[in-house]
Each structure stands twice: as C-alpha cells, then as structure tokens.
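Work through the exercises below with the model open beside you. Try each task before reading its solution.

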Amino acid sequence: MGYAKELLIRRQELGARVGETDDAVCDSCFADPYVQEWVRTNADRNDCTFCGRSEPNCAVDIDEVWELISFGLRQEWDHAEEWSSHVAQYTSYDVADSFDPELFANDDLRTAFIDTFSDWAFCERDPYGLSQDRAYAVGWEQFCEHVKHRTRFLFQVEPGTEQKEHWSYDGVSVGALLGAVAESCSASGLIQRIAEGTSIYRARLDLPTVSFSHASELGTAAADDHRHPNRMSPAGIPMFYGAFSAETAIAETFDPAADKATEVIATVGTFVPSRDLRVLDLSQLPDMPSICEEGSAARRADARFLRAFARDISQPVPRDDRVHVEYVPTQIVCEYFRRLYRDDEGVLDGIVFPSARRGGEAAVVLFVEHDACVDAPGSGKDRLELRLTDRHLFGPGLASLVAPAR
Ligand SMILES: [Zn+2]
C-alpha cells in the first residue's frame, strides 16, 4: 500500500489532524507507565513539542502515539455513528476526562488529544449493555440497598438471586456479588501476607484515671462486652481493630466529634502475631492497567470496581448512639471473607484497608477473638495468637496527634 493511501486510511480512522503537524512527544509528558515505556522504545526524535525537552532520541512522532491511543480507545469506546442515533454520545473532551489523570501528564498534550479526536462522536463500546465495571458498581449499590433495607440475613438464598451470572446486562445479582468481589480480589493479587512478628497497634481510649495494661484489656473485646457495632463487625461479634502505627490506631478509634479531645487519653498496645497472617489487602491496589495495553479492558474494570469498593469500605461512620445501617454491607463482606472465603492456601485472618482518617496509611481488622490476645506466648495450641509486647500512653490532646498523615 502506498504511503498516501495508508495516510488517508489512518486519517479516516484517527481524525482530521493526523499528519498535519510535525509535533513530537516525550515519555515524561505521559502519566501512563505503559505509554511511557512505549515512547522510550520507539523514540527517534530529539525535541518534545509539549514540554520543550531536547535530548537525542527522547521523543516520537505524535501521530504514532495517536495511533497507539486510538487502538486503546477501541477497547472501551466506539464510533457513535456505527450505532443508532439513540445511543449516548460523548466528545473527545469527555473521553479525556474519563482517563484523566492516568494517561497524560501535560495539559497541552491533553488539549492536543481533544483537538485531534474532536471529529469523533464517541459512544461506549457496548452502548446497549452494561460494561463490566458498571455491572459491578450497580451490583454493589443494589447489594448495599438490599441488605440495609430489604433482606439482611437470607439474601443469598432468596429465590431468584442465586443462579445469575456473576455479571450480566442487569448488573451483578445480589446473591452473586460476594463471589464476584472475591474473584476480583483474588485475581488482582490482593491476598497478601503480614509476617509473623510484625507490630500491630491497637488503641483504647478512656479518662486518664483509668489504666489498661493487659492483653485482655487492650486486645479484642470479650463477646459479652461488645455492644457497639463497628465498620466490619456487628454488635456481639468482636474483632481486633488495629493499625501499623500507633497514630493511625488512635486516629481510627478517636472521633473528635464524640470524644472530648482534651480529656481522653489513648493506651496503645503493641501486638505481634504468632504466625504469618493471610489478609485481604485493600490498601495497596494494583496500578490501573493502561487503556493502550491489549486486552486490558476486563482488568481495568476490576481495578475501577476495587478502588470504589475500597473507598466505600473505609468510610468512617459517626460513632454515636444511633444504629447505623451504613455498616451492614461491609459487615457482611467481612463475614464472607472470614467464614466462607477459601483458596488453595486456606482461610483468611483479616482485612487490611486504607485508613479514611489518615490518608496513605492502612488499618486492619483481624479475625482474632478475646482469648487469643495474650500477655505471654505458649498456650500450646496450634492457633493464631496476638501477643501484647508493649504499651504506650498518648494524650491528652489527641486531636493534634491524629492529624491526617498527608
Ligand atoms: Zn515532553
């Protein structure tokens, strides 16, 4: 095929501006690691039009990049004119918004994308269906609504909810949602280990006149004493809530609105597990796969869903005397991972989640009961124990201590 004809086809495919400029772009102008690497591999130009960088072989012809991106876009977007006039249409501006900031690191480059693809009327790749990530998102919304306001305990055996596909054009069914969440987590490598001997901190707040020094006081509450529901555990089913720093443990426990900041102090116990822990780790989600990487659509859908799910699950709920149904969906998810989840290596010991009160830090809930929080090792039983190794007092004036980490 002659160059002129090839160029014509590429123009038809990509948009009117292709071939009209002599622009080149360097890897630093992209935020997407896959595209950065692609630019480095193919770089044969010396000047980046967008950031002004000038080095031997640091940039590629911009049309080459538009071709790569156009291929990637086809995984999630389509030409609206190929469908009926009823489908929802999007501009190149909307499309840029949908992956910003994960693709571009330079505003002029982003603008050039919008201009170059401005002749396209975009629609979603399957405009009459529900994309996989939307199916998960809709399924999660339905699940939360359902267990908060309709069927709390028997939703998995409710007729009609158990047989559906994990995802379909109707969204993930309520009964199948937990399995879909588990599959997503496991496929995304979120089952992780916390090494034996790792320090895990748990905070208990009270007036300075009250002191705590034993694992029975600083560890998981006894079932009879566990009267308040928590994010992951209903009243009566206590779990060990901790963090990987004393400050985060306090931040997760201390509620400036409910606790009188000047009065309460925190006793923080340092616990170490008697063996490696296997946890679902929602605090370190994998990078969003590149839209330009072949076959990334399903992994991108998983990644988007897990981000939204991790955000929901770490939302703090006000600590007051009201009964909070907001906790119910996360309590069910937690119980699922505690009681039903199994993989080749067995069961899980807990869930690590991003701390909403200290961004960038992680908190953990462990499935460890009151009598497995011990002052001295050696119960003789082959069971998971958390041994109290140290304790520190913090406060008064906890509010300044637990300011967000970043
Ligand atoms: Zn550049």
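The exercises start with the whole chain and then turn to single elements and residues. The model is predicted.

**Exercise 1. The whole chain**

Task: State how many helices and strands the chain has, and what share of its residues is buried.

Solution:
- Start with the secondary structure. It comes to 12 helices and 14 strands.
- Turn to burial. Of the 406 residues in the chain, 37% are buried.
- Finish with the contacts. Take those with a separation of 6 or more: 71% of them join residues 24 or more positions apart.

**Exercise 2. A three-stranded sheet**

Task: Find the order of the strands in the open sheet of three, and work out which strands stand at the edges.

Solution:
- Read the order. It is 1-3-2, and the pairing is antiparallel.
- Now look for the edges. Strand 1 (24–26) and strand 2 (45–47) each have a single partner strand, so each has one side without a neighbour in the sheet.
- Add the twist. From one strand to the next it averages 65°.
- Look at one pair. Three bridges join strand 1 to strand 3 (residues 54–61), in the antiparallel sense.
- Pick out a bridge. Cys26 is partnered by Ala59 in strand 3.

**Exercise 3. Asn57**

Task: Decide whether Asn57 is buried or exposed, and list its contacts beyond four places in sequence.

Solution:
- Locate the residue. Asn57 lies in strand 3.
- Count its neighbours. There are 12 C-beta atoms inside 10 Å of Asn57. The cut-off for exposed is 12 or fewer, so Asn57 counts as exposed.
- List the contacts. Beyond four places in sequence, Asn57 touches Ala43, Asp44 and Asn46.
- Check a distance. Asp47 is 10 residues from Asn57 in sequence, and their C-alpha atoms are 8.1 Å apart.

**Exercise 4. Arg231**

Task: Decide whether Arg231 is buried or exposed.

Solution:
- Locate the residue. Arg231 is in the loop between helix 8 (215–218) and strand 8 (240–243).
- Count its neighbours. Arg231 has 23 other C-beta atoms within 10 Å. A buried residue needs 20 or more, so Arg231 is buried.
- Look along the chain. Glu326 is 95 residues away from Arg231, yet their C-alpha atoms are separated by 8.4 Å.

**Exercise 5. Helix 10**

Task: Test whether the span of helix 10 agrees with its number of residues, then name its buried residues.

Solution:
- Take the residues. Helix 10 covers residues 297–313, 17 in number.
- Work out the span. At 1.5 Å a residue, helix 10 should span 24 Å.
- Compare. The end C-alpha atoms of helix 10 are 24 Å apart, which agrees.
- Name the buried residues. In helix 10 they are Arg300, Ala301, Asp302, Phe305, Leu306 and Phe309.
- Recall the general rule. An α-helix has 3.6 residues a turn, so residues three or four places apart point the same way.

Conventions
Residues numbered from 1 in each chain as written. Predicted model: local features only at pLDDT ≥ 70, side-chain atom pairs only at ≥ 80, totals over all residues. Helix = DSSP H or I, 4+ residues; strand = E, 2+ residues; numbered from the N terminus. Expected span 1.5 Å × (residues − 1). Contact = placed C-beta atoms within 7 Å. Pairing = 2+ DSSP bridges. Axes fitted to C-alpha atoms, helices over the stretch in contact; angles between N-to-C directions.
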